[in-house]
Amino acid sequence: MATLLLAAAGGALGGVLGGVGALVGQAIGGIAGYVVDHTLIRSTLPGASGPRLSDLDVTSSTEGDDIPRIYGRARLAGQLIWATRHEESTATTGGKGGPKVKSWRYHANFAMALCEGPIDHVGRIWADGTLLDTTALTIRVHTGTEDQEPDALILARQGDDVPAYRGVAYVVFEHFPLEAWGNRIPQLSFEVIRVVDRLERKVRGVTLIPGGTEFGYATTAVSRVVSPGVTESENRHVRHAATDLVAALDELVALCPNLKRIALVVTWFGTDLRAGVCRVEPRVEQRAKTTKPLIWSVAGLDRAEATLVSTVDGRPAYGGTPCDASVKEAIAEIRARGIEVMLYPFLSMDIPAGNGLPDPHGAAEQPAHPWRGRITCHPARGRPGSPDGTAMAAAEVAAFVGTAAPNDFSVAAGAVVYTGPAEWTWRRMILHNAALAVAAGGVDAFLVGSELAGLTTVRGGSGGHPFVAALVDLVADVRSILGPETKLSYGADWTEWNGFQPADGSGDVVFHLDPLWASAEVDFVGIDAYFPLADWHRGDHHDRSLADLPTDLAYLAAHVARGEAYDWYYADEAARRTGTRLPITDGAHGKPWVFRPKDLVGWWSNRHFDRPGGVEAATPTAWVPGMKPIWLTELGCPAVDLGANQPNVFPDPKSSESRRPWFSLGTRDDLAQRRTLEAVVDHWDPEVTPGANPTSPVYGGPMIDPDGIHLWTC
């Protein structure tokens, strides 16, 4: 302003001297005015500031409003029940010759009531309809129990005489930043979970999958480079936890308060159903992928060296093997929560359709993405030209097992280093994971394999079972790595665990896994327990008279240790469709438990005598009645109608194993799954079903350890 005024005045005075004088006077006045303006403006710069609040707008709170009650999972808007005056802080920007601007920042402390308690978990939170990133916020959830104490912040601000809001679930936000919300508390809504069914309280063990996930087990957020300057998350697709794993564990622990153990599934890949040529190796999803801060590395391989998983419709058929760093992080995170870890090395068969590989079971080529239990000698037992029962079969098994030894593995700078023979074999996978467990600080239990029924039943030249002998040696080697505190075993398929009766007319009955179960280094008998619990047809049939619905808990509970695979069996599919049942008997020796896969008590509490040629041996096997507990290393059921008819099947469009349970329409039925699991868990719980789970005369505990029942990722 001074510049304009003094320039005009200078021009008027100079005009007395003529036109040139007017120009000179205007210029001199303008310069003088600029000096005045600049001085005035600079003198006021330190006092410049942005807008400042006189009060804090808050979200609505209605006195006397209803307190909601929820069942299951719901999204609720909260009611503001407490707040302090806003906290104010300042920040100054600019300077060094330019203007300085003081800005004001605001934070709020407040509490939002949700619903009647108690609740189990608060998951996602929305602010003004947008998912809120809560990882950098201080938030405390009070679940609404009748004995909850006042919140620490409310107590500190208000003094001793404050309510605890007992019976009401509420959330306290401490020092919540308001800048992103227009310096006001946003409208908040919450994902609230309250468990109303019985199963969650009974869960003591679960498995954790997908198993095939390059970074899904990491607690470090990993991103991949999509294009220059553009990244996408690999393992964080939530806003309420640092990574997907952390979010999953938060919810799991909240919903299953009696959880004791998690079986962490880590997948490697098999390449062939012929044992003699099958490789067992880690694989990756993509060749060209740049990630940070974690870089994929497993067993010394980097991404460029590892084999790619096969593709289906242009997409990876599986997720890649979890990188070693992510497995270590998962183990540490689970154990830090006070939960035991059972490390579960897992084999998926990455055999695509159109593979052209000779099939040991006689098909034109090997089936697509089959079950690992189909790995066997070539040709398979019972096929023309099979080497089963010869030294050649033993040699094929030996090729699959490999020769890697414990002293080939070491841990340096937190990584597993391998210096053994150049092989990708079963021993390399198992011993690598054992060394990885050491690098992670240890695990509580470890499996040396699972469901390799086609291998454990292969016979060598001496009539023994070479893969079973290899497992015995392998358990001892794992023990040398993990030490005496880690519980070790093998997870046998439900059709494999109790014995082997070859359908070759020999009459042989062999307790082929007894050398493993009786081994001094094996701590428990592991069973992947997918026993049928129902025989429900859609027409008139036997079980229609036993229950009104196939999900009836009493009906299912009555068949945990009765029914199919205990009292009777079907000779073939035609017999099943007509309901023609045959009794399970043992006329020669009066021991029907020998032929009953579901008769855990009979098998566990008796001496075992092999029957070569059908004649019972004079000397029993090494199994001593009740010598070790049984763990159900997997217990599962598909969430489809009539799932209890055939709990071991599953839908997987890419796999040749994909199918529905017997007589199922394939429609989703979560209740079928829940009640099947509950029936089994209850049957082996001494407090629910007294007398069903006998006590061992050897170790003094129950036959089935209730903490050893691991639900398959329901």
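# A walk through the model

Helix 6 and helix 8 are oblique to each other, and that's where we'll begin. Keep in mind along the way that this is a predicted model.

**Stop 1: helix 6 against helix 8.** Select residues 324–336 for helix 6 and residues 426–439 for helix 8. Their axes sit 9 Å apart and make an angle of about 55°. The crossing of helix 6 over helix 8 is right-handed. To see who does the touching, show side chains for Asp324, Val327, Lys328 and Ile331 on helix 6, then His432, Leu436, Ala437 and Ala439 on helix 8. Colour that contact by residue type and you'll get 5 nonpolar, 1 polar and 2 charged.

**Stop 2: helix 8 against helix 10.** Keep helix 8 on screen and add helix 10, residues 466–482. What angle do helix 8 and helix 10 pack at? It's about 20°, with the axes 10 Å apart, so these two count as roughly parallel to each other. Helix 8 passes helix 10 in a right-handed crossing. On the helix 8 side, pick out residues including Trp426, Ile430, Leu431 and Val438; on the helix 10 side, try Phe467, Leu471, Leu474 and Ile481, among others. The residues of this contact split into 13 nonpolar, no polar and 3 charged.

**Stop 3: a four-stranded sheet.** Now for some strands. Look for the open sheet whose 4 strands run in the order 1-9-5-6, with antiparallel pairing. Strand 1 (72–77) and strand 6 (130–131) are at its edges; each has a single partner strand, so one side of each has no neighbour in the sheet. Select strand 9, residues 188–194, and you'll find it paired with strand 1 over 6 bridges, in the antiparallel sense. For one of the rungs, click Ala74 and then Val192, its bridge partner in strand 9. Next, bring in helix 5, residues 244–255. Helix 5 lies across strand 1, strand 5 (121–127) and strand 9, and runs at about 135° to strand 5.

**Stop 4: strands 7 and 8.** Select strand 7 (residues 138–142), which pairs with strand 8 in the antiparallel sense over 5 bridges. Strand 8 covers residues 168–177. Is strand 8 mostly covered or mostly open? Mostly covered: 7 of its 10 residues are buried. Click His142 and look across to strand 8, where Tyr170 stands opposite.

**Stop 5: a three-stranded sheet.** Here's another open sheet, this one with 3 strands in the order 12-11-16 and antiparallel pairing. Strand 12 (230–233) and strand 16 (291–292) are the edge strands, each pairing on one side only. Strand 11, residues 223–227, joins strand 16 over 2 bridges. Arg224 has Thr291 of strand 16 as its bridge partner.

**Stop 6: two residues in loops.** Head for Glu564, in the loop between helix 12 (553–557) and strand 28 (568–569). Its relative accessibility is 12%, so Glu564 counts as buried. Beyond its neighbours within four places in sequence, Glu564 is in contact with Pro532, Ala534, Tyr570, Arg576 and Lys598.

Finish at Lys591, in the loop between strand 29 (582–583) and helix 14 (600–604). Which residues does Lys591 touch, not counting those up to four places away in sequence? Show Asp586, Phe609, Arg611 and Glu616. For a last look back, draw a C-alpha to C-alpha distance from Lys591 to Glu333: they're 258 residues apart in sequence and 47 Å apart in space.

Methods. Residues numbered from 1 in each chain as written. Predicted model: local features only at pLDDT ≥ 70, side-chain atom pairs only at ≥ 80, totals over all residues. Heavy atoms only, no water. Axes fitted to C-alpha atoms, helices over the stretch in contact; angles between N-to-C directions. Parallel < 35°, antiparallel > 145°, perpendicular 65-115°, else oblique. Left-handed = near helix turned anticlockwise from the far one by under 90°. Contact = heavy atoms within 4.5 Å. Nonpolar A, V, L, I, M, F, W, Y, C, P; charged D, E, K, R; others polar. Buried < 20%, exposed > 50% of the residue type's maximum accessible area, 1.4 Å probe, protein only. Pairing = 2+ DSSP bridges.
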